[in-house]
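Here is a short tour for anyone who likes to know a protein before taking it to the bench. Have the sequence and the 3D view open side by side as you read.

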Amino acid sequence: MAGSFLVAALGEGGSPESEQHVLLAEEPAAGSASEDEVGAIFVGRYTDKNHPGGYRDITLTGNGRAKVVGGGGAGEPKLYFLQAKVERDGGKDYITIDFRPKGGPFNFKGVWDKDGITFLKDQNHWPKVQ
């Protein structure tokens, strides 16, 4: 029920035993994308062997833009937010991430490769785990 609005209401007498749940609306989950949308392949959670224990969550924000929220890995901040852009060229989807907020490079480009993102400059691979 991602993106649903759920309301809990206590029944007569206000007792939790008589609690009722009502589904008010169903909307697409934030950051969800249709499979044919440019960059949709990147939406999800990734790991990075260069920062074990960490995560990277990618969502599309619209107009060819994406957001990367991550952290918690060895040698990186506990939490960071990165801006990215997505594009399609020659039938392949690419993501370009600005890593400057966590001390990395600007405009670091990656491409979907089998089970995740491979970055073109250093061949680092982020496998998709969710």
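The report below goes from the whole chain to single residues, then to the pocket and the loops.

## The chain as a whole

Please keep in mind that this is a predicted model. The chain has 0 helices and 10 strands, and reading along the sequence gives the pattern β-β-β-β-β-β-β-β-β-β. Of its 130 residues, 32% are buried.

The accessible surface adds up to about 8,000 Å², with carbon and sulfur atoms accounting for 53% of that area. How many of the contacts between residues at least 6 apart in sequence join residues at least 24 apart? The share is 28%.

## D93 and its polar partners

Let's begin with strand β7, which covers residues 92–97 and contains D93. Is D93 buried or exposed? With a relative accessible area of 10%, D93 is buried, because the cut-off for that class is under 20%.

What does the side chain of this aspartate reach? The D93 side chain comes to 2.8 Å from the backbone nitrogen of G39. The side chains of D93 and R88 are also joined, by a polar contact of 2.5 Å. Setting aside residues up to four places away in sequence, D93 touches the run E37, V38, G39, A40, I41 and F42, together with E87, R88, G110, V111 and W112.

## Y94 and T96 on the same strand

Y94 also has its place in strand β7. Its relative accessibility is 15%, so Y94 counts as buried. Beyond residues up to four places away in sequence, Y94 touches F42, K85, V86, E87, D89, K109, G110, V111 and L120. If you want a distance to check in your viewer, try Y94 and F119: they sit 25 residues apart along the chain, and their C-alpha atoms are separated by 9.5 Å.

T96 is in strand β7 too. T96 is counted as buried because its relative accessibility is 7%. With residues up to four places away in sequence left out, T96 touches Q83, A84, K85, E87, N107, F108 and K109.

## N107, a loop residue

One of the residues touched by T96 is N107, which lies in the loop between β7 and β8. Which class does N107 fall into, given its 34% relative accessibility? N107 counts as partly exposed, because that class takes in values between 20% and 50%.

Apart from neighbours within four places in sequence, N107 is in contact with T96, I97, D98 and K121. N107 and Q83 are 24 residues apart in sequence, and their C-alpha atoms are 9.7 Å apart in space.

## I58 in strand β4

Moving to another strand, I58 belongs to β4, made up of residues 55–62. I58 has a relative accessible area of 2%, so it is buried. Its contacts, leaving aside neighbours within four places in sequence, are F42, V43, G44, Y46, A66, K67, V68, I95, I117 and W126.

F42 is worth a second look in the viewer. F42 is among the contacts of I58, and it is also touched by D93 and by Y94. Between I58 and F42, which are 16 residues apart along the chain, the C-alpha separation is 6.5 Å.

## The largest pocket

Rolling a probe the size of a water molecule over the atoms shows where empty space is left. The largest pocket has a volume of about 180 Å³. Which residues line the largest pocket? They are D48, N50, H51, F99, K102, G104, P105, F108, F119, D122, N124 and W126.

Sorted by class, this lining has 5 nonpolar, 4 polar and 3 charged residues. Some of the names will be familiar: F108, one of the lining residues, is also touched by T96, while W126, another of them, is in contact with I58.

## Two loop residues with positive phi

Most residues other than glycine have a negative phi. K114 is not a glycine, yet it has a positive phi of about 65°. K114 is found in the loop between β8 (108–113) and β9 (116–119). With a relative accessible area of 76%, K114 is exposed, because exposed means over 50%.

Q123 likewise has a positive phi of about 65° without being a glycine. Where is Q123 found? Look in the loop between β9 and β10, the latter covering residues 125–127.

Conventions:
Residues numbered from 1 in each chain as written. Predicted model: local features only at pLDDT ≥ 70, side-chain atom pairs only at ≥ 80, totals over all residues. Heavy atoms only, no water. Helix = DSSP H or I, 4+ residues; strand = E, 2+ residues; numbered from the N terminus. Buried < 20%, exposed > 50% of the residue type's maximum accessible area, 1.4 Å probe, protein only. Polar contact = N/O pair within 3.5 Å; in protein donor to acceptor, adjacent residues only side chain to side chain. Contact = heavy atoms within 4.5 Å. 1 Å grid on protein atoms, 1.4 Å probe; cavity = no way out; pocket = protein on both sides within 12 Å on 5 of 7 lines; lining within 4 Å. Points joined across faces, edges and corners; volume = space filled by probe spheres on them. Nonpolar A, V, L, I, M, F, W, Y, C, P; charged D, E, K, R; others polar. Areas by Shrake-Rupley, 256 points an atom, 1.4 Å probe, with all protein chains shown as cover.
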